Amino acid sequence: MSRYYCPFCSSRYQFHKTSNEGVLICGLCGDPLVKKPLINSRRIIGAVAASAFLTPLIIMIIFVIKDFSKEKPPNNSDSLVQLTIEKLWTI
């Protein structure tokens, strides 16, 4: 993406040329190109809005991963037998 653009021409059909003085000009209309700012208000507002929606999702994923790693079922056969007997009586 170029840092310069022509405010009068469509962004799809722009190509840049350099004039004899070394100034960048539009290849279609011949007007001097305007420099885009690196950080503008639209990008800042977009980043804040995206982080407002993505932060809770990321926090939820972290807590779910921690929860899965903490709780593991016991591996002894006595507790498994008791679980299956209790399930049979509740049905």
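Here is a walk through this predicted model, from its overall layout to a few individual residues.

Let's start with the architecture. The protein has 91 residues, and its secondary structure comes to 2 helices and 4 strands. If you follow the chain along the sequence, you will meet these elements in the pattern β-β-β-β-α-α.

Before looking closer, it helps to know how confident the predictor is. The mean pLDDT for the protein is 78, and 75% of the residues reach at least 70. Confidence is highest in helix α1, residues 41–70, with a mean of 92. At the other end of the range is helix α2, residues 77–90, where confidence is lowest, at a mean of 57. Please keep that in mind when your eye follows the chain into helix α2.

How much of the protein is buried? Just 8% of the residues count as buried. The accessible surface comes to about 8400 Å², and carbon and sulfur atoms make up 64% of that area. As for contacts with a separation of 6 or more, 33% of them link residues that lie 24 or more positions apart.

Now turn to the strands. Ile 25 sits in strand β3, which covers residues 24–26. Leaving aside residues up to four places away in sequence, Ile 25 touches Phe 15, His 16, Lys 17 and Ser 19 on one stretch of the list, and Gly 30, Asp 31, Pro 32 and Leu 33 on the other. With Phe 15, the C-alpha to C-alpha distance is 8.8 Å, across 10 residues of sequence.

A little further along the chain, Lys 36 is placed in the loop between β4 (34–35) and α1. Lys 36 is partly exposed, with a relative accessible area of 28%. Its C-alpha atom is 5.7 Å from that of Tyr 4, although 32 residues separate the two along the chain.

The cysteines deserve a stop of their own. How many disulfides does the structure hold? There are 0. Cys 26 is in no disulfide, and the nearest cysteine sulfur, that of Cys 9, is 3.6 Å away. Because a disulfide here requires sulfur atoms within 2.5 Å, that separation of 3.6 Å does not qualify. Cys 29 is likewise in no disulfide, with the nearest cysteine sulfur, that of Cys 6, at 3.6 Å. Are these two cysteines buried or exposed? Cys 26 is buried, at a relative accessible area of 2%, whereas Cys 29 is partly exposed, at 38%.

Our last stop is a patch on the surface. Leu 54, Leu 57, Ile 58, Met 60, Ile 61, Ile 62, Val 64, Ile 65 and Phe 68 form a nonpolar patch, and together they offer about 870 Å² of accessible area. One of its members, Phe 68, is found in helix α1. Phe 68 counts as exposed, because its relative accessible area is 65% and the cut-off for exposed is over 50%.

Terms used: Residues numbered from 1 in each chain as written. Predicted model: local features only at pLDDT ≥ 70, side-chain atom pairs only at ≥ 80, totals over all residues. Heavy atoms only, no water. pLDDT = per-residue confidence, 0-100. Buried < 20%, exposed > 50% of the residue type's maximum accessible area, 1.4 Å probe, protein only. Patch = residues over 30% accessible without salt bridge, like charges linked within 9 Å, V, L, I, M, F, W, Y side chains within 5 Å. Areas by Shrake-Rupley, 256 points an atom, 1.4 Å probe, with all protein chains shown as cover. Salt bridge = Lys/Arg side-chain N within 4 Å of Asp/Glu carboxyl O. Contact = heavy atoms within 4.5 Å.
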